[in-house]
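Student: I would like a close look at one part of this model, followed by a walk through its surroundings. Please keep it brisk.

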Amino acid sequence: MRLEHLEAEYFRNYQALRADFDPQCNVILGENAQGKTNLLEAIFYLSCGRSPRTRTDRELISFGAEEAMMKAGVFAWQRPFTVEARLAHGRRRRLLVNGVPAKSAGEFSRVYHTVFFSPEDLGLVRQGAALRRRFLDTALCQLRPRYAAALAGYQRSYEQKTRILRDWDGHPDFLAALPEFNAQMVRYGAVLIKTRARFARRLEEYAAAVHRDCSGGREELEIAYTTVSAVEDPLNQSEEEIQRALEAHMAAHQGAEHAARLCLSGPHKDDLAISINGREAKTFASQGQTRTAALSLKLAEREIFADAAGEYPVLLLDDVLSELDPKRQEFVLNRIAGGQVFITCCEDDRLPALLGGKVLRVRQGELA
Ligand SMILES: Nc1ncnc2c1ncn2[C@@H]1O[C@H](COP(=O)(O)OP(=O)(O)OP(=O)(O)O)[C@@H](O)[C@H]1O
Ligand SMILES: [Mg+2]
């Protein structure tokens with residue numbers, strides 16, 4: 001999958017952008033606050049209809065402007081496409097594929113895919129479980145429609161059940177609805193658990209290989225999927241076996257849930273335990289190790305996606321190499337060959353010389 005060109009009008013600090021890209025490697029060069037990350041953001045937005053950094057489309061429209069437009073020519077699935085997004089204050093956004101309004105955000109986001117790495121992704125290693133679950137969910141929703149449906153279903157029943165548990169003392173009759181929501185959570189939950197266990201296994205295979213390379217063979221990255229304790233072996237148990245385990249677990253904790261007024265356990269608490277050479281990365285990894293591990297996860301996602309789609313997604317690397325020593329940098333750069341890459345770096349970096357490819361210089365929202 002590759003972007004051939006991009007246009008943007010009144011998007012962030014770009015008033016009128018037109019750019020053609022190299023099919024392999026594009027280095028986006030510029031000083032701080034010139035528009036490097038904004039350019040990656042536009043490419044990401046056109047791949048899935050949302051920004052990687054904000055929830056509100058309004059922020060994407062240039063200060064003082066009424067509307068923003070982004071449009072890209074893409075080659076994917078052996079065919080050319082155009083994708084276009086139009087954002088306006090006080091109006092619904094419009095997403096178009098080949099000039100025709102997309103039926104849904106889902107349809108829009110099937111044209112091409114991106115894997116985006118930014119310094120915020122260090123949180124995957126450093127922060128709490130919610131970020132890692134989001135990483136799993138984002139990747140799996142793209143890969144598997146059945147997973148996306150199960151996730152939506154699980155979240156709906158989780159919210160209903162949470163509301164019942166919160167309010168039941170004023171309305172004991174609410175409790176009558178619980179068995180139905182429990183049954184839904186068990187059914188959808190088993191799909192989530194089974195799919196996440198498989199994905200985590202492949203993630204570990206690929207990510208450990210990248211991390212091993214980057215560290216010159218000195219570091220072993222391990223990723224273990226953790227879920228409801230009653231599910232003993234999610235990788236090898238069938239979905240039905242997982243359902244039975246969840247059911248029994250829920251029944252055993254029913255009294256505790258009523259007392260706590262919360263959904264106590266379930267895949268909404270899942271996590272990935274990440275360790276380097278047997279020690280928990282969250283607590284013990286250095287800055288460079290953290291960055292290597294986070295990047296390894298993202299590059300693993302890219303490989304898994306390429307296995308499924310038969311093509312590499314577009315890789316967007318924002319400010320990725322600072323804090324890595326030259327050896328690690330070199331391994332990373334060797335690893336990203338294959339699909340199309342966009343990589344930002346600061347003016348005095350030695351990166352462009354190492355990478356080759358096309359250099360795009362950004363200054364105050366314009367390409368030089
Ligand atoms: N809606 C907007 N309208 C106009 N300008 C905006 C808008 N949103 C952000 N900007 C500006 O765009 C500029 C460039 O942002 P960007 O994040 O792309 O910088 P960068 O080149 O990646 O810098 P750094 O090297 O510091 O990461 C910032 O100065 C920011 O204030
Ligand atoms: Mg930036």
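Which residue of strand 12 does Thr114 stand opposite?

Tutor: The model is predicted, so read what follows as computed from its coordinates. Thr114 stands opposite Val314 in strand 12. Start with the pairing around these two residues. Strand 8 and strand 12 (residues 314-317) run parallel, and four bridges join them. Strands of a sheet pair through backbone hydrogen bonds, either parallel or antiparallel.

Now widen the view. Strand 8 belongs to an open sheet of six strands, ordered 8-12-13-3-14-15. The pairing in this sheet is mixed. Strand 8 (114-117) is an edge strand, and so is strand 15 (366-367). Each of these two pairs on one side only. Helix 10 (residues 287-309) packs on this sheet and touches strand 8 and strand 12. The direction of helix 10 makes about 175 degrees with that of strand 8.

A second sheet can be read in the same way. Six strands form this open sheet too, in the order 2-1-4-5-6-7, and the pairing is antiparallel. Its edge strands are strand 2 (14-20) and strand 7 (100-101), each pairing on one side only. Six bridges link strand 1 (residues 2-11) to strand 2 in the antiparallel sense. Within that pair, Leu6 stands opposite Ala19 in strand 2. Helix 1 (residues 36-48) packs on this sheet. Helix 1 touches strand 1, strand 2, strand 4 (67-76) and strand 5 (79-88). Its direction makes about 110 degrees with that of strand 1.

Next, the ligand. There are 14 residues around ligand 1. Asn13, Asn32, Lys36, Thr37 and Asn38 come nearest. By type, the shell around ligand 1 divides into three nonpolar, eight polar and three charged residues.

Finally, a loop. Pro234 lies between strand 9 (221-226) and helix 7 (239-252). Pro234 counts as buried because 26 other C-beta atoms lie within 10 Å, and the cut-off for buried is 20 or more. Leaving aside neighbours within four places in sequence, Pro234 is in contact with Ile193, Lys194, Ala197, Tyr225, Thr227 and Ile242. Pro234 and Leu272 are 38 residues apart in sequence. In space they are 13 Å apart, C-alpha to C-alpha.

To return to the starting point: Thr114 faces Val314 across the pair, and that pair is parallel.

Note on methods
Residues numbered from 1 in each chain as written. Chains lettered and ligands numbered in written order. Predicted model: local features only at pLDDT ≥ 70, side-chain atom pairs only at ≥ 80, totals over all residues. Pairing = 2+ DSSP bridges. Contact = placed C-beta atoms within 7 Å. Axes fitted to C-alpha atoms, helices over the stretch in contact; angles between N-to-C directions. Near = placed C-beta within 6 Å. Nonpolar A, V, L, I, M, F, W, Y, C, P; charged D, E, K, R; others polar. Buried ≥ 20, exposed ≤ 12 C-beta atoms within 10 Å, placed from the backbone.
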